[in-house]
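This report describes the fold, the sheet, the aromatic contacts and selected serine residues of one protein chain. The sequence and the structure are shown first.

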Amino acid sequence: MKFSFSLPRLLHSAIVFLLLSHAIIAAPVHRRHKVVHRAATTTPRATATTARAAVVHRAAYRVPATPAVLVRGGPWTEPTYADSTMGDNADGEDLEVRRSAVEALGAYNGSVVVADPKTGRILTIVNQRLALGSGFQPCSTIKVSVALAALSEKMLAGDGKLFRHGGYNLTQALAHSNNYYFATLGTKLGFDKVSYYAHLFGYGEKAGLNIAGENPGRFPAMPPVNGGVGMLTSFGEEISQTPLQLAALMSALANGGTLYYLQYPRTAQEAAELVPRVKRQLDIGNLIPELKAGMRGAVEYGTARRAQQDEPIAGKTGTCTDSHTHLGWFGSFNDVGDNKLVVVVLLTGGRPAIGPMAAGVAGEVYRSLAQKNYFASKRLITPLISTQICCAR
């Protein structure tokens, strides 16, 4: 078979070949996007100086200019990863505690509050804007207040069970955060008693003493429309809790029943001259051991296992969704030695923002400070210095 090629035909064939090649090469490549934000595996950017890196963490993620836009993987309106130190002023804080808290929180969008339960002094607040804001639904951390109310009213039998035949006792219900148990407990207590004790323990009022920008949170005046008192006592429905309120209640459990005004010194002199101020004395000293058994159980075998370490920790997790924001709470205190600390963690964002993850962050705070011998019986106070040069406002 003979093939004859003329010059015009050769030129035409060459042009067609080039056009087809360009179309194939330029065709878009479609990639499947992961739900988890890339910042999850991004190493935070190093800061300019060693001093700055010690107290301020800079994550690669930046908060979107329009936070009302739903975040990918949602329907969440808050990012899971952010620079949680942006705008913080660390003057007057214990820099060793702050450094550990910032490193433990890492790139997560959230807040860490650490307080001294013996004085009510706040040692650090990471993400002050979030911690001092209007508050968030407490999720299952409300169960601590409900358990104290039930114990105060002597509603539980000696074994802590609600039902004669089977079911969790109080220790198991706290450790595993059993919603049915606490919904039933709240219904038996009734809204008025639940509300009375919640306000007694600090809900609906500011936890701090003259802390600029602090909000009082909110406790509803009547049972929630969605689910009534049972939803309130199991999920914290219609309650707005601030990290400071949870820190104040955890401090009272850690110190035997004294509800201090939290004080947040903003200079070295204020820290040195701080005088503890008692808000009220809670008659819960004999109830704390029963409550603490469940809170330690949460860390040892329950929902807060990520906080577990060599020394005992008592704590309560909380996970829920509040107005298109996934929440992860953990309120805790270490349960050994004289130098106890209260650590409260709140995470906001998408699916990784859960109570067990918040417990892991708190566990890293305790672990880091223990490695630095922070809980030694004769620990010296960390020197306090002005840090305005290193911290963004």
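## Aromatic contacts

Across the whole structure, a search finds 7 aromatic pairs. In one of them, the ring centres of Tyr197 and Phe201 are 6.1 Å apart and the ring planes meet at 35°, so this pair is classed as tilted. Tyr197 and Phe201 are both buried. Ring pairs also join Phe191, Tyr203 and Phe219 into a cluster. An arginine adds a contact of another kind: Arg266 lies over the face of Tyr264, at 4.0 Å from the ring centre.

## Overall composition

The model is predicted. Its protein chain holds 13 helices and 7 strands. The chain has 393 residues, of which 52% count as buried. Among contacts in the protein chain with a separation of 6 or more, 68% are between residues 24 or more positions apart. The exposed surface of the protein chain is about 18900 Å², and carbon and sulfur atoms supply 57% of that area.

## The sheet and helix H10

An open sheet is formed by 5 strands in the order S2-S1-S7-S6-S5, with antiparallel pairing. Strand S2 (121-126) and S5 are the edge strands, each pairing on one side only. Neighbouring strands of this sheet are turned by 10° against each other on average, with direction ignored. In general, the strands of a sheet pair through backbone hydrogen bonds, in either a parallel or an antiparallel manner.

Within the sheet, S6 and strand S7 (residues 342-349) are paired in the antiparallel sense over 8 bridges. Phe333 stands opposite Val342, a residue of S7.

Helix H10 lies across strand S1 (110-116), S2, S6 and S7, and runs at about 25° to S6. Which residues does Ser251 touch, leaving aside those up to four places away in sequence? The contacts of Ser251 are with Ala115, Pro117 and Val342. Ser251 itself is placed in helix H10 (residues 243-255). Val342 thus appears twice in this description: Ser251 touches Val342, and Phe333 stands opposite Val342 in S7.

## Three serine residues

Is Ser251 buried or exposed? Ser251 counts as buried because its relative accessibility is 2%, and the cut-off for this class is under 20%. Two further serines are of interest for their backbone angles. Phi of Ser177 is near 55°, a positive value in a residue other than glycine. Phi of Ser323 is near 50°, likewise positive in a residue that is not glycine. As background, most residues other than glycine have a negative phi.

The places and accessibilities of the three serines are set out below.

| Residue | Place | Relative accessibility | Class |
|---|---|---|---|
| Ser251 | helix H10 (residues 243-255) | 2% | buried |
| Ser177 | loop between helix H6 (170-176) and helix H7 (179-189) | 13% | buried |
| Ser323 | loop between strand S5 (313-322) and strand S6 (325-334) | 59% | exposed |

Ser177 therefore counts as buried, at 13% relative accessibility, in the loop that lies between helix H6 and helix H7. Ser323, by contrast, is exposed because its relative accessible area is 59%, and the cut-off for exposed is over 50%. The loop that holds Ser323 lies between strand S5 and strand S6, and both strands belong to the open sheet described above.

Note on methods: Residues are numbered from 1 along each chain as its sequence is written. This is a predicted model: local features need pLDDT of at least 70, side-chain atom pairs count only at pLDDT 80 or more; totals for chains, interfaces and linings use all residues. Side-chain values use heavy atoms; hydrogens and water are left out. Helices (H or I, at least four residues) and strands (E, at least two) are DSSP runs, numbered from the N terminus. Buried means under 20% relative accessible area, exposed over 50%, partly exposed in between (1.4 Å probe, protein chains only). Contact means heavy atoms within 4.5 Å. Rings of Phe, Tyr and Trp (its six-membered ring) pair if their centres lie within 6.5 Å; planes under 30 degrees apart count as stacked, over 60 as edge-to-face and the rest as tilted. A charge sits over a ring if NZ of Lys or CZ of Arg is within 6 Å of the ring centre and within 35 degrees of the ring normal. Two strands pair if DSSP finds at least two bridges between them. Axes are lines fitted to C-alpha atoms, for helices over the stretch in contact, and angles run from 0 to 180 degrees between N-to-C directions. Accessible areas come from the Shrake-Rupley method with a 1.4 Å probe; for residues, only the protein chains shown count as cover.
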